[in-house]
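User: Could you give me a close look at how the aromatic rings sit together here? Once that is clear, please point out any odd spots in the backbone.

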Amino acid sequence: MSVECSLPPPPAPPPPPASAPKKKLYQTIASSRSAVEGDHTEACFLISQRESSFRKDLQWVLANTYVPSLIQDGPQCGLVALWMAAHLRQPRLSIEMEMVVQTALSRGYTAQGEMFSADSMALLAEEVCGCKAELLSGGLSGNNAAAIISHLWGRQPVLIPYDEDYNHEPCQRSGHRAHWAVASGVLLGLDQGSVSEEHAQSDPSLPWLCLATNSCSPCPVGSMALKNVYILAKQGKSLRYQLWSLDTVAMSNEQLRMMDPQRAGDGTQYVVPEGGMGAGLAGKAVLLHTRTQME
């Protein structure tokens, strides 16, 4: 007589794992890259790629202090730019991105991470960085351009709102692609001999480019010798530095007038200042005076 043994049924297959939130393209690209550290390494590479666009009859001088990179998670470009800028504070300050976000939320400056007010950005910077924030208004040309150049020459950061094109460059979309960047350096094209060898040294790979060696040396911003100005900036959708003409940034910044209608009508709550985006961002920037021991 045969005896059949009944086997227990096989276990049910495990439930499918919860799908992770779909990454944005810029997040996917950043995940396979790493930031290039150093005050001048990446900047010199960028300049070398565009070498033919720089007049060789001018003396080109670069001043920059490295800031770390951070890829934003959602509409946090302004908060990420502030987090990057905070690393230039002296004495050095270490802050968590979560603290920046929570402080902005608790003060009512943001609902989703967005920052549509440069005034609020200045207040937030003073609170989380413990340093003085100077709000510029009226555009980024003229006296304000001079203030930005001098500030960057002194190795201190500037937070700048602008319209971001698909390659992260400044564009003019009426504010529909409003974004924040932190500028940490400046590239000046000057008449030959405007900066002495005492305050600058030639780059080994680009002999026509001088690297400013002393942040306390006189800034040539008020001189008639100044012909071209570029800023070195980072923003939350790339680990890499960007090199932009200050005039191009100023034009983009000036026309930040209107939130993208699709975004404005998507049912999401945002904190928009009285008077709208134009009142909050257009023609404005924030200088962070990060040397707190000198205040």
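Analyst: A residue is buried if under 20% of its relative area is accessible, exposed if over 50%, and partly exposed in between, using a 1.4 Å probe and protein chains only. Trp60 has 1% relative accessibility, so it counts as buried. This is a predicted model, where local features need pLDDT of at least 70 and side-chain atom pairs 80 or more, while totals for chains, interfaces and linings use all residues. Residues are numbered from 1 along each chain as its sequence is written, and side-chain values use heavy atoms, without hydrogens or water.

So who keeps Trp60 company? Find Phe54, which is also buried because its relative accessibility is 2%. Six aromatic pairs turn up in this structure (Phe, Tyr or six-membered Trp rings with centres within 6.5 Å; stacked if the planes are under 30 degrees apart, edge-to-face if over 60, otherwise tilted). In the pair of Phe54 and Trp60, the ring centres are 5.0 Å apart and the planes meet at 75°, so this one is edge-to-face. Now widen the view: ring pairs join Phe54 and Trp60 with Trp208 and Tyr230 in a cluster.

Trp208 has a charged visitor too. Lys56 lies over its face, 4.6 Å from the ring centre (a charge counts as over a ring if Lys NZ or Arg CZ is within 6 Å of the centre and within 35 degrees of the ring normal). You can spot another such arrangement at Tyr166, where the charged end of Arg177 sits over the ring at 4.3 Å from the centre.

On to the backbone. Most residues other than glycine have a negative phi, and most peptide bonds are trans. Here are some spots that break those habits.

Look at Gln90 and Pro91: the peptide bond between them is cis, with omega about 0°. Pro91 belongs to the loop between helix 3 and helix 4 (helices are DSSP runs of H or I with at least four residues, strands are runs of E with at least two, and both are numbered from the N terminus).

Next comes Arg155, which isn't a glycine yet has a positive phi of about 65°. You'll find Arg155 in the loop between helix 6 (142-153) and strand 3 (158-164). Its relative accessibility is 13%, so Arg155 is buried.

His168 is another non-glycine residue with a positive phi, near 75°. Its place is the loop between strand 3 and strand 4 (170-171). With 16% relative accessibility, His168 counts as buried.
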